[in-house]
Structure formats: C-alpha cells, structure tokens
Amino acid sequence: MQLTLFSICMAVIWSSVLAAFNYFCRKKHFFIRHLGMANLLFLYLFPLVRMMAPFEFPFARVIPLKGTLGSLCGDASTKTAGMPLSPWTILGALWAGVAAVLLLRFLCQYIKSMKEFSTYPLCGDAQCQRILQQVIGEGKKRMRVQARRSSHVYVPRGAGIFQKTILLPDGVYSDAELYYILRHECTHFRNKDLPIKLLVHLYSCVFWWNPVIYLIKRDLAQILEIKCDLDVTGRMENREKAEYLATIVASLKKAEAKKPQRAFYGTAALAARTYDSEILERFLIVSSGLGARRKSLAFTGAWLLVFTLLIFASYSFVLQPPAGASVPEAPYTVKCIDGTYYVSFPR
C-alpha cells in the first residue's frame, strides 16, 4: 500500500463520481421510499471515506495514460530545468496552507459563537420550561438541554455538542409553535446531527479545492433536515403535520422581516431561508408520508452491495503516465561507474 500523486487523483475522481451518484439517488422519491433517509445519509460515507483513503494497493492495475494527457501529467510530476520544485509540490503546499487557514478560521469562529451563545439569557418563563421538559421526557433517553433567547437569532436553532442549547428568537410563541420548535431541535440532538455537520465542515476545509465537497456539504445538511422532519412527524396525524409545517413557515416569515443574519457555524437551524426549493422539498416529503412507509431490506442490502463493489473497483486500477514519461526533456548526461548509472542534469 502506497500513497502517490496518481492515487490521490483517483480518489478525487471516484469520490466525485460517488457523490454525484448519491445526489442523483437522493433527489428521487423512489430511493427515499425504499432506502430511507438514514441509509441515504450512510451512503454519503462512501465518497467521504474514499477521499480520505487515497492509497494504491498492490493488486491495483496500472493503466498508462497516452497522448497529450499522459505527457502533461508526466511533465508536471517532475522538476523542470531552472525550477527547484515541481508544480505538484507547489500545489500541495498551496493546498496545505489554505486548508490550515480555513481550519483555524473555522475553529476560531466556532469557539467565538459558543462563547456568545453562553451570554444569551436563559428562557426562564413557565411556558418554555414546561414544554421543554415535556419534549425531553418524550425521548427514550433523557438529556440535558437548555433554551436561550436573543434578538441576534432570527431562526430557531440548536447549538453545542456537549452543552446542548436551543436558541430562540425574541418573540411570542403559542404552545404548539414552541412545542414543534423544541421537538425539532431536540431531535437533532438525539440524532447526533450537529457532530456530523461539524465533521463535514472540517472535511470541506481540508478539501476546499474540490467543488464536489460543497455539493456533499449542502446535500448532507438537507438530508439531516429531512430525516429530522420525518422523525418528528412519523407518528403525527395530518392535522399535526400541517401545524408543524406552518410553524416552519411562520419562523421563516419572521426571519424575512429582519436584516440578514450572520452565519453561526456548527448549528442546526429549524429552516434555512436561503433556498426555497429545499423548503419545498421538505414539505413535499413530510406531507406525502414517505417516512411512514416500510423500507425494503432486500433493496437496501443490494444497494449497499453495489456501493461496496464500486469502492473495490475504484482501488483495482490507477491511471498514471507510462514508464519513462517523467524524465525531463532537458539535456542530460549518463555515466556508468562500477556498473552504476548516474544521470546528471545541467544547473
């Protein structure tokens, strides 16, 4: 097992293909009906893991690149005359430098946001405490959650991995609205959605140059929201589902009347007001009752087998320039001393 420039390129190609395939499947209600949102979320591990394990195994078959592409890859992988570093070395340094900056920036902003949240006043009114304890008591496992209010928050959201906090915008809520908001955010906590969002964001900081990563990041956030909606409304009657969706609409309308909100990293909002199509998709899936339908275990097993075979196939070959393509074309001399050949290049 070895790590090479070309094995990294193969990892990028295959993870991009798998992510695009996942995205296509997730957009079809057929797959939601037969696989379920939890399994669709799990399938996104395949492109992520493939990107994080860009190795070349001994059984991999080398397929030489021919023509112009092979020559370009071969030339780019070597030092050229008058250039102390190869272009790939420079790109690797750029990759690491930008990734380090993005990671540091994210961690600083995340810590700053958590400190800011701790300064927001706790919801001490009887209504909020009563409904929050009701929502916590409905779960199989009790957890410690606190609710805070602030004028800086425009859409209800959950924050914190260890100190779980629900952030509420200032305003007046009916018992039903507050119940659905708190239940939605507590469901995010129970599903461990915030750690997933945090890890995916860190992942996107490392692989910032790959546009497919941003597709994965956005679609995973949508999957987590749909999965949360289905978990909340799974046993609800149509009237309760309508009230739940109406609560989301009311929260968005209140947010629209305020100035744009700055980003809070590592949180899970009730709804994002940026993409209307994603809100519409959530409404269609909840109202259609897809979450209440029984999943096909045979179909799920077959689909997981397909992805497993694709992962194995991705390691079975590697594309790289043919042997000798990496030799620079600059003038050089070859000397044989005691049976050992020495190649010298002009400075």
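## Helix packing in a predicted model

The buried residues of helix α4 are covered by elements that include α1 (5-26), α3 (37-43), α9 (193-206), α10 (211-233) and α13 (297-314). Helix α4 itself spans residues 45-52, and its buried residues are F46, P47, L48, R50 and M51. These descriptions, like those that follow, rest on a predicted model.

The wider setting of α4 is a protein chain with 13 helices and eight strands. Of the 347 residues of this chain, 42% count as buried, and its accessible surface comes to about 19000 Å², with 65% of that area belonging to carbon and sulfur atoms. Among the contacts in the chain with a separation of 6 or more, 75% are between residues 24 or more positions apart.

A second place to look is the pairing of helices α11 and α12, whose axes come within 11 Å and cross at roughly 170°. Because angles over 145 degrees count as roughly antiparallel, α11 and α12 are therefore roughly antiparallel to each other. By class, the contact between the two helices has eight nonpolar residues and two charged residues, with no polar residues. The residues that meet are set out by helix below.

| Helix | Residue range | Residues in the α11 and α12 contact |
|---|---|---|
| α11 | residues 238-256 | K241, Y244, L245, I248, V249 and L252 |
| α12 | residues 276-288 | I279, R282, F283 and V286 |

The spacing of such positions can be read against a general property of helices: an α-helix has 3.6 residues a turn, so residues three or four places apart point the same way.

Terms used
Residues numbered from 1 in each chain as written. Predicted model: local features only at pLDDT ≥ 70, side-chain atom pairs only at ≥ 80, totals over all residues. Heavy atoms only, no water. Helix = DSSP H or I, 4+ residues; strand = E, 2+ residues; numbered from the N terminus. Buried < 20%, exposed > 50% of the residue type's maximum accessible area, 1.4 Å probe, protein only. Contact = heavy atoms within 4.5 Å. Areas by Shrake-Rupley, 256 points an atom, 1.4 Å probe, with all protein chains shown as cover. Axes fitted to C-alpha atoms, helices over the stretch in contact; angles between N-to-C directions. Parallel < 35°, antiparallel > 145°, perpendicular 65-115°, else oblique. Nonpolar A, V, L, I, M, F, W, Y, C, P; charged D, E, K, R; others polar.
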